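Thank you all for coming; I would like to walk you through a structure that may be new to most of you. Please have a look at the sequence and the model first, and then I will go through them step by step.

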Amino acid sequence: MTKPRDDQLAGAIGKAIAHKRQTKRLTQEQVAERLGIGNEAVSRIERGIVMPTVERLVALAQLFECEAAELLSEGSYRATDQSQHLDRLLAPLNQADRQMVIDVVKRLAEGLANRLPLEDSV
């Protein structure tokens, strides 16, 4: 039986994989065909039911034309990985749009930091 934290990580990585697949405008069937696996296997990975192997992560990264680390960092709970993910999201924006996003994130972070502490569910 997997631990809840492992399940959350598998779910977050699966969500990142699904996002990359959709960004590349590929169906689960197309990904399955290109990787030589069944459609259900892709679905189970994206839903976080199955944690992909390192070999599978590398194959997915090649298919999506990104680094395997990018798939992992998008699903990571570490602040440094999350900041790298934000960096990739901000990179294509112009300076004014980046500043607008930073201002929104700053206000949101300040508001969340000032609320009453809740039990850590992550």
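I will begin with the overall picture, then turn to the charged side chains, and finish with some local details of the backbone and of one helix.

Before anything else, please keep in mind that what you see is a predicted model. The protein chain contains 7 helices and 0 strands, so to read it from the N terminus on is to read α-α-α-α-α-α-α. If you draw a box along the principal axes, the C-alpha atoms of the protein chain fill roughly 50 × 40 × 20 Å. The protein chain has 122 residues, and 29% of them count as buried. The area that the protein chain exposes is about 8700 Å², with carbon and sulfur atoms supplying 55% of it. As for how the chain meets itself, if we take the contacts between residues at least 6 apart in sequence, 58% of these join residues at least 24 apart.

Let me move to the charges. There are 17 positive and 18 negative side chains in the protein chain, and the centres of these two sets lie 2 Å apart. How many salt bridges does a search of the whole structure find? The search finds 6, and I would like to take some of them in turn.

The one I would start with pairs Arg-21 with Glu-46, where the closest N and O atoms are 2.5 Å apart. Arg-21 belongs to helix α1, residues 4-23, and Glu-46 to helix α3, residues 39-46, so this salt bridge ties together parts of the chain that are 25 residues apart in sequence. Are these two partners buried or exposed? Arg-21 is buried, at a relative accessible area of 10%, and Glu-46 is buried too, at 11% relative accessibility.

The salt bridge between Arg-47 and Glu-40 has its closest N and O atoms 2.9 Å apart. Here Arg-47 counts as partly exposed, at 47% relative accessibility, and Glu-40 is likewise partly exposed, with a relative accessible area of 46%.

Another pair is Asp-81 with Arg-78, for which the closest N and O atoms are 3.6 Å apart. In this pair Asp-81 counts as buried, with 15% relative accessibility, whereas Arg-78 counts as exposed, with 54%. Beyond these pairs, there is also a network, in which salt bridges that share partners join Lys-20, Glu-70 and Arg-88.

Now to the backbone, and I will give one piece of background. Most residues other than glycine have a negative phi. Which residues, then, have a positive phi without being glycine? One of them is Arg-25, with phi near 60°; Arg-25 sits in the loop between α1 and α2, the latter being residues 28-35, and it counts as exposed at 75% relative accessibility. Glu-65 also has a positive phi, near 55°, and its place is in the loop between α4, residues 54-64, and α5, residues 68-75. Glu-65 is exposed as well, with a relative accessible area of 64%.

Staying with α4 for a moment, I would point out Val-54, which is found in that helix and which is exposed, with a relative accessible area of 66%. If you look for Ala-10 as well, you will find that Val-54 and Ala-10 are 44 residues apart in sequence and, from C-alpha to C-alpha, 13 Å apart in space.

Finally, let us look along α2, where Val-31, Ala-32 and Leu-35 are buried. Seen down the axis of α2, its buried residues fall within an arc of 100°, and therefore they line one face of the helix. This fits a general point about such helices: an α-helix has 3.6 residues a turn, so residues three or four places apart point the same way. What do we find on the other side of α2? There, Glu-33 and Arg-34 are exposed. After α2 comes Gly-36, whose phi is positive, near 70°.

That is where I will stop, and I am happy to go back to any of these residues on the screen.

Terms used: Residues are numbered from 1 along each chain as its sequence is written. This is a predicted model: local features need pLDDT of at least 70, side-chain atom pairs count only at pLDDT 80 or more; totals for chains, interfaces and linings use all residues. Side-chain values use heavy atoms; hydrogens and water are left out. Helices (H or I, at least four residues) and strands (E, at least two) are DSSP runs, numbered from the N terminus. Buried means under 20% relative accessible area, exposed over 50%, partly exposed in between (1.4 Å probe, protein chains only). Contact means heavy atoms within 4.5 Å. Accessible areas come from the Shrake-Rupley method with a 1.4 Å probe; for residues, only the protein chains shown count as cover. Lys and Arg count as positive and Asp and Glu as negative; His and the chain ends are not counted. The place of a charge is taken as NZ of Lys, CZ of Arg, CG of Asp or CD of Glu. A salt bridge is a side-chain nitrogen of Lys or Arg within 4 Å of a carboxyl oxygen of Asp or Glu. The arc is that of the directions from the helix axis to the C-beta atoms.
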